[in-house]
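The following report sets out the arrangement of helices, sheets and chain contacts in the model shown below. Definitions accompany the terms where they are introduced.

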2 protein chains.
Amino acid sequence: MSRPSEFDLIARLFAPLATAPGAFGLKDDVAIIAARAGFDLVVTTDAIVEGVDFFSGDPPAGVAAKALRVNLSDLAAKGAEPAAYLLNLALPRGVDMPWLEDFARGLRDDQARFGITLLGGDTGSTPGPLSVAITAFGHVPQGQMIIRGGARLGDAVFVTGTLGDSGGGLALLKGEAGADLSAGLRAFLIDRYRLPQPPVLFGPALRGIATAAVDVSDGLLADLGHVADASGVRIAVEAARIPISPALAVLWGRDTVSILRAATAGDDYQIAFTAPLSSEAEIAKGAHDTIVTRIGRVESGVGVALLDAAGHEIAVARRGFRHF
Amino acid sequence: MSRPSEFDLIARLFAPLATAPGAFGLKDDVAIIAARAGFDLVVTTDAIVEGVDFFSGDPPAGVAAKALRVNLSDLAAKGAEPAAYLLNLALPRGVDMPWLEDFARGLRDDQARFGITLLGGDTGSTPGPLSVAITAFGHVPQGQMIIRGGARLGDAVFVTGTLGDSGGGLALLKGEAGADLSAGLRAFLIDRYRLPQPPVLFGPALRGIATAAVDVSDGLLADLGHVADASGVRIAVEAARIPISPALAVLWGRDTVSILRAATAGDDYQIAFTAPLSSEAEIAKGAHDTIVTRIGRVESGVGVALLDAAGHEIAVARRGFRHF
């Protein structure tokens, strides 16, 4: 056999990652999640699939980190501090020990980076593509989770980081564009696709400030649409304010079509949120090295509008990624 | 398109299943798991994959129920009462709305049967087989979870239900045997493969009585092996005491080879546990309509031994299902 049994695999690679007492060293069928007095336990789950969310040749440590981070992104957008996770791994026959060792290293590094620990999981065989489903747990002080439905008329709309970099990286990997891009810019964009950088530390700083928040995974306009729907408001975004990285500006340019593409590409794993305009200074203070950009405002009405410099609405055909 | 978008799918089929306040009607990216004072929160996760754990043509409601029940089985074996679950669904293109509607009906029926509710999840597309991963949450009074490692010298060993029925049903579905079996017995065994019947109510009755427990998913001998390893003991099982259903006895017979097959086939989703012999009457009282059979004893030593009528060890080549 090209790799050991499930039990050996768990003992060798994954048990060392399960340091919480409630994980029982992965020697039981269940785990106990420790309660934290005065805090709500928040849970989220997201899977990534080979050939859909990552490429077959992607570095295994990066696949592990991406699977974790798309979940940590959801926790951050709710103001939660990450604590622990479960791992469901479906492995095709061809996956060998070196791949799995590097994958486990990716988990270990991100555990240290984000202060989280493996609680348990399930490893099995699949005739299909490799898939990694993570269920992540975090804590927020009781009643302080930042919901989607709290945006208020007059609030400003903000977003962290830059948008579209992951979409640009994916386009490069698909060979769609960028043959003349410098190696450095090319590497930056591809890295943003492969390895999300969710603002895990900044999310909790938004508690008590943000009125509503969402992580940008399906695309800025689609995800702000969820906030608008849940809050019963209209969100107006000024196209010219949408933050675009220098690398993406070189790849796609800065015209309206490009900005629209960046605002609908998805896989950004940044936080879009609403907050009173008066809290802008306080937000900047909590941001440390996270870039936060004010991009719009909350109005009465429904849906999301993308506005040009003259305040006219730009027609948007496709607001974000459709899962199928 | 043959089916609606992920968002419509969630709103139409899954949101009605998410009745707990912490599920936010599936309108947020996360859920809050309500704490229960004085109880530990127990979590487990298991996935089932088309072509591995169920067949493509299996009724969708049954696939949903099987995905849930393999997890409820883990909770029951730990003495936990089930409370809620997350659903990760990876859908190939061909899955249509009637399939999904029947799948959701299967979830709804089992929610009512077991008193559980949907908390959240993730639905995505896959180029591979359909897979359903469930993460289930349950409660046990603080510190009362039944662990694997608590078996004590002199304890008796028990198992619920009958063993090997699921393995027999799988053999029938593969056309390996049973061409001359009556339709009724055939249907019974196939149903045991498709629809596990874990003793969800009986599990909690074992708290304070069982010293160690495990759910029988990989096969009786393999799973008792985990208990023996974790407890630092040897477990001796009398082959003649292993409970075999009348249907399986007709299909496979009652000789040693058949009993061994039943004790290693896996997918039983019954509970194997150890307890003082003196608690046998109390166990029977808590069992209601769950069959509980005493099958062996805990001794000093290591591993699991299967004994014949003369007390001699029967050679076992393969103790249970290997995941890969």
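Axes are lines fitted to C-alpha atoms, for helices over the stretch in contact, and angles run from 0 to 180 degrees between N-to-C directions. Helices (H or I, at least four residues) and strands (E, at least two) are DSSP runs numbered from the N terminus. The model is predicted: local features need pLDDT of at least 70 and side-chain atom pairs count only at pLDDT 80 or more, while totals for chains, interfaces and linings use all residues. Residues are numbered from 1 along each chain as its sequence is written, and chains are lettered from A and ligands numbered from 1 in the order in which they are written.

**Helix packing in chain B**

Two helix pairs involving H3(B) are compiled here.

| Helix pair | Crossing angle | Axis separation |
|---|---|---|
| H2(B) and H3(B) | about 40 degrees | 6 Å |
| H1(B) and H3(B) | roughly 45 degrees | within 10 Å |

Angles under 35 degrees count as roughly parallel, over 145 as roughly antiparallel, 65 to 115 as roughly perpendicular and the rest as oblique. H2(B) and H3(B) are therefore oblique to each other, and H1(B) and H3(B) are likewise oblique. A crossing is left-handed if the near helix is turned anticlockwise from the far one by less than a right angle, and right-handed if clockwise. H2(B) crosses H3(B) in the right-handed sense.

Residues are in contact if their C-beta atoms, placed from the backbone, lie within 7 Å. To the contact of H2(B) with H3(B), H2(B) contributes residues including Pro60(B), Val63(B), Leu68(B) and Leu72(B), and H3(B) contributes residues including Trp99(B), Phe103(B), Arg105(B) and Phe114(B). For residue classes, Ala, Val, Leu, Ile, Met, Phe, Trp, Tyr, Cys and Pro count as nonpolar, Asp, Glu, Lys and Arg as charged, and the others, Gly among them, as polar. This contact comprises eleven nonpolar, two polar and four charged residues.

The crossing of H1(B) with H3(B) is right-handed. Leu9(B), Leu13(B) and Phe14(B) of H1(B) meet Leu100(B), Glu101(B) and Ala104(B) of H3(B). Five of the residues in this contact are nonpolar, none is polar and one is charged.

**A sheet shared by the two chains**

Two strands pair if DSSP finds at least two bridges between them. An open sheet of five strands, with mixed pairing, follows the order S1(A)-S2(B)-S5(B)-S3(B)-S4(B). Strand S1 (31–33) of chain A and strand S4 (117–125) of chain B each have a single partner strand, so one side of each is left without a neighbour in the sheet. From one strand to the next, the twist averages 25 degrees.

At the edge formed by chain A, S1(A) pairs with S2(B) in the antiparallel sense over three bridges, and Ile32(A) stands opposite Val42(B). At the other edge, strand S3 (residues 81–91) of chain B runs parallel to S4(B), and eight bridges join the two. Here Leu87(B) faces Gly121(B) in S4(B). Helix H2 (residues 60–77) of chain B packs on the sheet and touches S2, S3 and S5 of chain B, its direction making about 140 degrees with that of S2(B).

**A sheet within chain A**

Six strands of chain A form another open sheet of mixed pairing, in the order S7-S9-S6-S10-S8-S11. Strand S7 (212–216) and strand S11 (303–307) of chain A are the edge strands, each pairing on one side only. The twist in this sheet averages 25 degrees from one strand to the next. S7(A) runs antiparallel to strand S9 (residues 270–275) of chain A, with five bridges between them; Ala212(A) has Thr274(A) as its bridge partner. Helix H2 (residues 60–77) of chain A packs on this sheet, touching S7 and S9 of chain A, and its direction makes about 165 degrees with that of S7(A).

**Symmetry and the interface**

Copies are superposed by least squares on the C-alpha atoms of residues with pLDDT of at least 70 in both. A turn of 180 degrees and a shift of 0.0 Å along the axis lay chain B on chain A with an RMSD of 0.0 Å. That is the relation of a two-fold axis. The C-alpha of Gly128(B) is the nearest to the axis in chain B, at 2.1 Å. Both copies use the same surface, as 100% of the contact residues of chain B recur in chain A.

The contact between the chains takes 52 residues from chain B and 52 residues from chain A. On the side of chain B that touches chain A, elements supplying at least two residues each include S1, H2 and S7 of chain B. S2(B) gives the most to this side, with nine residues. By class, this side of chain B has 25 nonpolar, 15 polar and twelve charged residues.

Key
Two residues are in contact if their C-beta atoms, placed from the backbone, lie within 7 Å.
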